[in-house]
Amino acid sequence: MFSQKSQKKLKLSYTANHQHWVGSGFYVNGLIRPTEDLNPYISPFILMDYAAPKYFSKTNKRRGVGEHPHRGFETVTLCYKGEIEHRDSAGGGGTISPGDVQWMTAGSGIVHDEFHSKQFAKEGGTFEMVQLWVNLPKAYKLTAPKYQSIQKSDIPVLQLSDRTKLSIIAGEYNKTNGPASTFSPINMFKISGTAPDELTILLKNNTNTILFVLDGSAHIDGKDYPKKSILIFEQDGETIQLKTSNNFNALLLNGAPINEPIFTHGPFVMNTREEILTAIEDYKNGKMGTLPKS
Ligand code: MN
């Protein structure tokens, strides 16, 4: 008997039109935020900011976000256009160029800064990036800080069809693994195509799935979802099915939900209020480290 894989139904969708500045360098749409209603369907993901393509004129100033802490989760930065420079108190750092991904585990605590690279600022140009916050299971919230610098060339690219490619940043697709190591089961894929296509993406049952459309549009069950759309799918089912437009470009986030309480405060994501108070104290007392003088 042939068994048909069941489709994950679309649960909700929205586009964000409000933009705000993060520091002086990142003009972002806050596309995902942790709320009690949303958490069960976005976990292990907590937050997503999208800096849509924006032109920055040349400058000698440093544009970005100065020294700040994080504890209890990971920040994942995907550069699409422009260049980001980063330094952290655990000794990590470097330049993130188009196609590169920085996967930083804040764990027990890290202090870092994030700026347009000196070279990019000096020349000016179009800047585009995504930053995600990925939650850590309770057992790993105080793990040692870590930094994974993933180059574009480290990311395997599969051909889903003659028109559509799937790049694996984290997780596994069709027996190919992505380079990022994660603390809970996560798939992070880029999907891009030049011509319209019909896609069936294979995922696991009982996982959360978020599709973010960066360019072109996705067509699902008779409706079009233009760029800057966030599509959140039901946990039930093993595939997502969509039609894509010309010049389609999307980010697919999928993972096993972490079914633990979340207590967030600013740059800290813990399980309880007490742990947040401890995080604030520890940061004040320099326990998350300091940056080398620039
Ligand atoms: Mn940060």
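This is a short run through the aromatic contacts and overall form of one predicted model.

I will start with the whole chain. The protein has 294 residues, and its radius of gyration is 19 Å, which agrees with the value near 19 Å for a compact globule of that length. Along the principal axes, the C-alpha atoms fill a box of roughly 65 × 45 × 35 Å. By secondary structure we have 26 strands and 3 helices. Buried residues account for 50% of the chain. The accessible surface is about 13,600 Å², with 49% of that belonging to carbon and sulfur atoms. On contacts: of those between residues at least 6 apart in sequence, 73% join residues at least 24 apart.

Now the rings. Searching the whole structure gives 9 aromatic pairs. One of them is Tyr50 with Phe212, an edge-to-face pair with 4.9 Å centre to centre and 70° between the planes. Tyr50 sits in strand S4, residues 45-56, and Phe212 in strand S19, residues 208-215, so this pair links distant parts of the chain, 162 residues apart. Are these two rings' residues buried or exposed? Tyr50 has a relative accessible area of 2%, so it counts as buried, the cut-off being under 20%. Phe212 is at 1% and is therefore buried by that cut-off as well.

There is also a cluster: ring pairs connect Trp21, Phe26, Tyr27, Phe56, Phe120 and Phe127. Phe56, from that cluster, has the charged end of Lys54 over its ring, 5.7 Å from the centre. A further charge contact involves Arg62, which lies over the face of Phe115 at 4.5 Å from the ring centre.

Conventions: Residues are numbered from 1 along each chain as its sequence is written. This is a predicted model: local features need pLDDT of at least 70, side-chain atom pairs count only at pLDDT 80 or more; totals for chains, interfaces and linings use all residues. Side-chain values use heavy atoms; hydrogens and water are left out. Rings of Phe, Tyr and Trp (its six-membered ring) pair if their centres lie within 6.5 Å; planes under 30 degrees apart count as stacked, over 60 as edge-to-face and the rest as tilted. Helices (H or I, at least four residues) and strands (E, at least two) are DSSP runs, numbered from the N terminus. Buried means under 20% relative accessible area, exposed over 50%, partly exposed in between (1.4 Å probe, protein chains only). A charge sits over a ring if NZ of Lys or CZ of Arg is within 6 Å of the ring centre and within 35 degrees of the ring normal. The radius of gyration is taken over C-alpha atoms; the globule rule is 2.2 Å times the number of residues to the power 0.38. Contact means heavy atoms within 4.5 Å. Accessible areas come from the Shrake-Rupley method with a 1.4 Å probe; for residues, only the protein chains shown count as cover.
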